[in-house]
Amino acid sequence: MAASGLNRPATIHQVARLAGVSHTTVSRYLADKESLKPTTRVKVDFAVKALDYRPNLVARSMRTRRTNRLAIVLPSGPNHFPGRLLAAASETAHQAGYQVEMVSVEGSVRARSARILDLARSGQVEGILSISSIDVRGRASSEVPIVATGTYDDNLRGLGELADATEIREIIEHLAGLGHRVFFHVAGPSTFASARNRKRVYLETIERMGLRSVGVHDGNWSAQSGFDGITGLPDDCGVTAVVAGNDVVAMGVIRGARSRGWEVPRDLSVFGWDDLEIARFTTPSLSTVAVDREAQGRDGIRRLLAEIRGEPAPQPTTNTINRIMYRESTAPPPPAPPQPR
């Protein structure tokens, strides 16, 4: 539906008339739609979409000294980019009526923190979300809210819950319950806390349960490292279960196993980590750990919005970001060959 016969932008008063509410109600909707009654919110939402209404952010900023802009700050130059987290954070901000700018900052924690403080003082944004560590202690109270998630380090390597490896324990216990006794682990690079933790929990659980590990192959998150790890094992190693550092590594393991004549899961069970979309469509589909990076992006923005509005910090949307997904790549081990009499 066109905004007008002359294609002029719709006004807030036209939105109000179509929705059957006052223009102040529409203003409240634009500032914080959750503050309205659900029935009112639905009417205004319909009118905004029907008229393709676009608020004049420049004029609003001059009246209210608000910019309706948030900044998300991340270190520059890393090989790993948290795309899913950033997409969810941006969507959450947009739903609340904010535009988002991604700001890449070079340098140490100190240099990055100084740049963030400069941005906070500039008046260009109403709040800043940093997904890596910063130090802004002693900042003036007049500056805009700054929230740090602590999710990634300076090279965007996962920290906190992203580096937690508790699920490795449950994975090995599950595989042992299926009858597996001989395991192998293809790890990620030791520069990642997540890789170190998964390797540590793997070794601790193997020892605690009295199982046998044929070793750990220290890889680099690549499919090639999974392929090399499994093809480098001796023929008589007896391994029946592999815990891979991530889904990409696991896919390399499956391809390497097949090159040896081992079928998954008939001869070898394989577990990954990350729940990449392709993991659900491989043959066989991959057992893995789903990581809800979107929840961390949403929660970071929700914490920032609460600070902007002077509200209490919201509760996290989920108790854990990791969830084990059991699929076709894991099954009981093959039957042991009969022993000679």
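Two residues count as being in contact when they have heavy atoms within 4.5 Å of each other. Keep that in mind while we walk through this model, which is a predicted one.

Let's start with L268, a good place to see contacts at work. Leaving out residues up to four places away in sequence, L268 touches I230, V239, T240, A241, V242, V253, A257, W262, E263 and S329. Several of those names come back when we look at the largest nonpolar core, which has 20 residues. The ones with the most contacts inside that core are I230, V239, V253, L268 and V270. Three elements give two or more residues to this core: β5 (182-187), β7 (241-244) and α10 (247-259). The largest share, 5 residues, comes from α10. There is also a second, separate core of 19 residues, and I168, A176, W273 and V289 are among its members.

Now step back for the whole picture. The protein has 341 residues, and 46% of them count as buried. Its secondary structure comes to 11 helices and 10 strands. Take the contacts with a separation of 6 or more: residues 24 or more positions apart account for 69% of them. As for the outside, the protein exposes about 17,500 Å², with carbon and sulfur atoms supplying 51% of that.

Next, find the sheet. Strands of a sheet pair through backbone hydrogen bonds, either parallel or antiparallel. Here, 4 strands line up in the order β6-β5-β7-β8 to form an open sheet, and the pairing is parallel. What stands at the edges? Those places go to β6 (212-218) and β8, and since each has a single partner strand, one side of each is left without a neighbour in the sheet. From one strand to the next, the twist averages 15°. If you want to check one pairing yourself, try β7 and β8, which pair in the parallel sense over 3 bridges. Look for V242 there, and you'll see V270 in β8 standing opposite.

Helices pack onto this sheet too. One of them is α7, which touches β5, β7 and β8, and its direction makes about 165° with that of β7. Another helix, α9 (residues 223-231), lies across β5, β6 and β7, running at about 150° to β5.

It's worth staying with α7 for a moment. This helix covers residues 166-178, and its buried residues are E167, I168, I171, I172, L175 and A176. You've already met I168 and A176 as members of the second core. The buried residues of α7 pack against β5, α8 (193-209), β7, β8 (269-271), β9 (288-291) and β10 (322-325). Right after the helix comes G179, with a positive phi near 115°.

Another glycine to look up is G245, found in the loop between β7 and α10. Is G245 buried or exposed? With a relative accessible area of 1%, G245 is buried, because anything under 20% counts that way. Setting aside neighbours within four places in sequence, G245 is in contact with H185, V186, R198, W221 and W273. That last one, W273, also belongs to the second core. And if you look over to D218, its C-alpha atom is 9.4 Å from that of G245, while the two residues are 27 apart along the chain.

Finally, let's turn to the charged side chains. The count comes to 10 salt bridges. One of them joins R208 and E173, at 2.9 Å from N to O. This pair links distant parts of the chain, with R208 in helix α8 and E173 in helix α7, 35 residues apart. E173 has 34% relative accessibility, so it counts as partly exposed. Another salt bridge brings together R327 and D275, whose closest N and O atoms are 3.1 Å apart. Here too the pair links distant parts of the chain: R327 is in the segment after β10, D275 is in the loop between β8 and β9, and 52 residues separate them. Both R327 and D275 are buried. Then there is R266, which forms a salt bridge with D267, with 2.7 Å between the closest N and O atoms. R266 is exposed, with a relative accessible area of 52%.

Definitions and conventions: Residues are numbered from 1 along each chain as its sequence is written. This is a predicted model: local features need pLDDT of at least 70, side-chain atom pairs count only at pLDDT 80 or more; totals for chains, interfaces and linings use all residues. Side-chain values use heavy atoms; hydrogens and water are left out. A nonpolar core is a set of buried Ala, Val, Leu, Ile, Met, Phe, Trp, Tyr and Cys residues joined through side-chain atoms within 4.5 Å. Buried means under 20% relative accessible area, exposed over 50%, partly exposed in between (1.4 Å probe, protein chains only). A salt bridge is a side-chain nitrogen of Lys or Arg within 4 Å of a carboxyl oxygen of Asp or Glu. Two strands pair if DSSP finds at least two bridges between them. Axes are lines fitted to C-alpha atoms, for helices over the stretch in contact, and angles run from 0 to 180 degrees between N-to-C directions. Accessible areas come from the Shrake-Rupley method with a 1.4 Å probe; for residues, only the protein chains shown count as cover.
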